[in-house]
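Trainee: Could you take me through one part of this model in close detail? I'd like to see how a single piece fits in with what surrounds it.

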Amino acid sequence: MKNDILKVLISKEELEAKVKELGQMITRDYKDKDLMIVGILKGCVIFLSDLIREIDLPLTMDFMVVSSYGSSTKSSGVVRIIKDLEKDIAGKDVLIVEDIVDTGLTLNYLVDYLKSRNANSVKICTLLEKPDRRKVEVDLEYVGFHIPDEFVVGYGLDYAEVYRNLPFVCILKPEVYS
Ligand code: PRP
Ligand code: MN
Ligand code: MG
């Protein structure tokens with residue numbers, strides 16, 4: 001698997017430092033709130049599990065499965081809810097945790113959806129974002145890294161469901177995609 005890597009974009013150490021920093025900001029901002037983390041599977045898993053251990057507050061969490069990419073490297077723009085929340089979120093301060101915001105279509109849809117279920121607040125924490133690819137405006141409260149428009153994998157991000165377990169964010173060799 002490591003043979004497929006062209007270049008590491010964000011190292012393990014950089015990820016660790018950033019996740020700590022985000023955790024501290026969230027701890028400060030949600031001190032007197034009813035924090036509920038909503039992870040968007042599957043990309044969020046690694047980031048989310050590291051992040052929540054850096055938040056020094058009581059919190060609850062739930063997960064949604066949403067798909068917009070399928071096995072292609074491009075967003076289809078079609079958002080599909082495959083697994084919904086299990087509990088009521090009325091009155092909760094929801095923090096959506098994502099691995100990456102690309103076109104913004106997934107989150108644009110999800111924020112509206114969660115607000116319509118009467119959450120007290122709905123904010124977003126994403127590890128990565130690609131500003132060049134945005135198709136719809138989304139407010140991103142917490143962003144780890146702004147990255148160029150290149151297809152990245154690792155630390156939860158996949159290509160055709162593989163490479164999520166790489167401990168860093170990287171770019172694959174072009175021949176891997178063909
Ligand atoms: C990816 C990523 C985000 C979404 C971002 O998920 O994890 O959820 O696409 O794209 P957008 O901003 O263009 O909407 P994907 O559909 O690949 O599912 P996965 O998390 O299971 O890999
Ligand atoms: Mn995802
Ligand atoms: Mg994916």
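Mentor: Let's start with helix 3, whose buried residues pack against strand 3, strand 5 and strand 6. Bear in mind that we are looking at a predicted model. The buried residues in question are Thr 106, Leu 107, Leu 110 and Leu 114. They span an arc of only 80° around the axis, so they sit on the same side of helix 3. There is a general rule behind that kind of pattern: an α-helix has 3.6 residues a turn, so residues three or four places apart point the same way.

Now for how the helix is laid down. Helix 3 lies across strand 3, strand 5 and strand 6, and it runs at about 170° to strand 5. Follow the chain through and you get a β-α-β unit made of strand 5, helix 3 and strand 6, and it is right-handed. The two strands of that unit also pair with each other: strand 5 and strand 6 are parallel, with eight bridges between them. One place to look is Val 101, which stands opposite Glu 129 in strand 6.

On to strand 5 itself. How many of its nine residues are buried? Eight of the nine are, so to speak, under cover, and strand 5 counts as mostly covered. Besides strand 6, strand 5 has strand 2 as a partner; strand 2 and strand 5 run parallel and are joined by five bridges. Within that pairing, Met 36 has Val 94 of strand 5 as its bridge partner.

Step back and you can see the whole sheet. Six strands make it up, in the order 4-3-2-5-6-7, and it is open, with mixed pairing. Strand 4 (80–83) and strand 7 (142–146) are the edge strands, each with a single partner, so one side of each has no neighbour in the sheet. On average, neighbouring strands here are turned by 30° against each other, direction ignored. Towards the strand 4 edge, strand 3 (residues 60–67) and strand 4 run antiparallel and are joined by three bridges. There, Val 66 has Ile 81 in strand 4 as its bridge partner. Helix 1 belongs in this picture as well: it lies across strand 5, strand 6 and strand 7, at about 160° to strand 7.

All this brings us to the largest nonpolar core, which has 41 residues; Phe 47, Val 94, Leu 95, Ile 96 and Val 97 touch the most other members. At least two core residues come from each of several elements, including helix 1 (12–29), strand 2 (35–41), helix 3 (105–115) and strand 6 (121–129). Which strand gives the most to this core? Strand 5 does, with six residues. For a close-up, pick Leu 95: leaving aside neighbours within four places in sequence, Leu 95 is in contact with Ile 26, Leu 35, Ile 37, Lys 123 and Cys 125.

One more sheet deserves a glance. Three strands form an open, antiparallel sheet in the order 1-9-8. Strand 1 (5–10) and strand 8 are at the edges with a single partner strand each, so one side of each is left without a neighbour in the sheet. Strand 8 and strand 9 are antiparallel and joined by two bridges, and Val 153 stands opposite Cys 170 in strand 9. Strand 8 (152–153) and strand 9 (169–172) also each supply at least two residues of the largest nonpolar core.

Note on methods. Residues numbered from 1 in each chain as written. Chains lettered and ligands numbered in written order. Predicted model: local features only at pLDDT ≥ 70, side-chain atom pairs only at ≥ 80, totals over all residues. Core = buried A, V, L, I, M, F, W, Y, C linked by C-beta atoms within 7 Å. Buried ≥ 20, exposed ≤ 12 C-beta atoms within 10 Å, placed from the backbone. Helix = DSSP H or I, 4+ residues; strand = E, 2+ residues; numbered from the N terminus. Contact = placed C-beta atoms within 7 Å. Pairing = 2+ DSSP bridges. Axes fitted to C-alpha atoms, helices over the stretch in contact; angles between N-to-C directions. Arc of directions from axis to C-beta. Right-handed = clockwise from strand over helix to strand, strands pointing away.
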